[in-house]
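Me: I am new to this structure and should like to understand the terms applied to it. Please take me through them.

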Amino acid sequence: MSVDRARVERLTRELLEAIGEDPDRPGLKQTPTRLGDLYAEFFAGVGEDPAAPLAHTISVARGPAPDTLPSGAVLLRDIRFRSVCEHHLLPFAGRAHIAYLPGEQVVGLGALVRVVEILAGRPQVQERLGEQIADTIAEHLDTRGVLVVLDASHGCVTMRGGRQPEASTLTIAARGEYTEPIARAELIALIGSSGLGMAHG
């Protein structure tokens, strides 16, 4: 389901009036249209299937590089993402790190990025976003283990309430072999070397 831009525009006018503003004054006249475009971009993942990017797999044994079966994890670090917190409709943004233990079928790395983009492109909370990414990969990819680490800065923390501009939130979701702390310790160290805690940078 795509975003109803015309309805967003009408509701934005109402919102501006509700806060005591004049939606027809020069500075705000285009705001409803801009917000319609913004929401269409921010919520492009609503109704989209996050597993779709994983449908096209590559056989390791019969594929273009049959001698390159990884003996360990495939780790994709520093996937930039942004989403919108469903509690206050304020943005949160940061980096996703994804590791998986591949089986005989693998996907292009861009497919993992698309999974993140689709699931982030809807009203979210960070904890659920990480779990949904992990579930999607674990259920739709030939893998023995999945680890998803999200490090993000939240507008509801940096802009309101306690107003902590340097605060970031770290969440971890693990499936399969990576539910064992020892199995994921090395990956956490590798991810950490890329600069965890720098989501706001």
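Reply: The following exchange concerns salt bridges, burial and one helix. The model is predicted: local features need pLDDT of at least 70, side-chain atom pairs count only at pLDDT 80 or more, and totals for chains, interfaces and linings use all residues. Residues are numbered from 1 along each chain as its sequence is written, and side-chain values use heavy atoms, with hydrogens and water left out.

Me: Why is the contact of R25 and E21 called a salt bridge?

Reply: A salt bridge is a side-chain nitrogen of Lys or Arg within 4 Å of a carboxyl oxygen of Asp or Glu. Between R25 and E21 the N to O distance is 2.9 Å, so the pair meets that rule. In general, side chains of opposite charge can pair when their charged atoms come close.

Me: How many salt bridges does this rule give?

Reply: The count comes to 11 salt bridges.

Me: What makes R25 and E21 partly exposed?

Reply: Buried means under 20% relative accessible area, exposed means over 50%, and partly exposed lies in between (1.4 Å probe, protein chains only). R25 has a relative accessible area of 35%, and E21 has 30%; both values therefore fall in the partly exposed range.

Me: What does the salt bridge of E131 and R175 tie together?

Reply: The side chains of E131 and R175 meet at 2.5 Å, N to O. E131 lies in helix 4 (residues 126-140) and R175 in strand 7 (residues 169-176), so the pair ties together parts that are 44 residues apart in sequence. Helices (H or I, at least four residues) and strands (E, at least two) are DSSP runs, numbered from the N terminus.

Me: Is R175 buried or exposed?

Reply: R175 is buried, because its relative accessibility is 19%. Its partner E131, at 31%, is partly exposed.

Me: How do you know that E177 and R144 form a salt bridge?

Reply: Their closest N and O atoms are 3.7 Å apart, so the pair satisfies the rule. E177 lies in the loop between strand 7 and helix 6 (181-192) and R144 in strand 6 (residues 143-154), so parts 33 residues apart in sequence are tied together. Salt bridges that share partners also join E48, R114 and E117 into one network.

Me: What makes the span of helix 3 close to the expected one?

Reply: The expected span is 1.5 Å times one less than the number of residues. Helix 3 (residues 109-120) has 12 residues, for which 16 Å is expected, and it reaches 17 Å from its first C-alpha to its last.

Me: Which residues of helix 3 are buried?

Reply: They are A111, L112, V115, V116, I118, L119 and A120.
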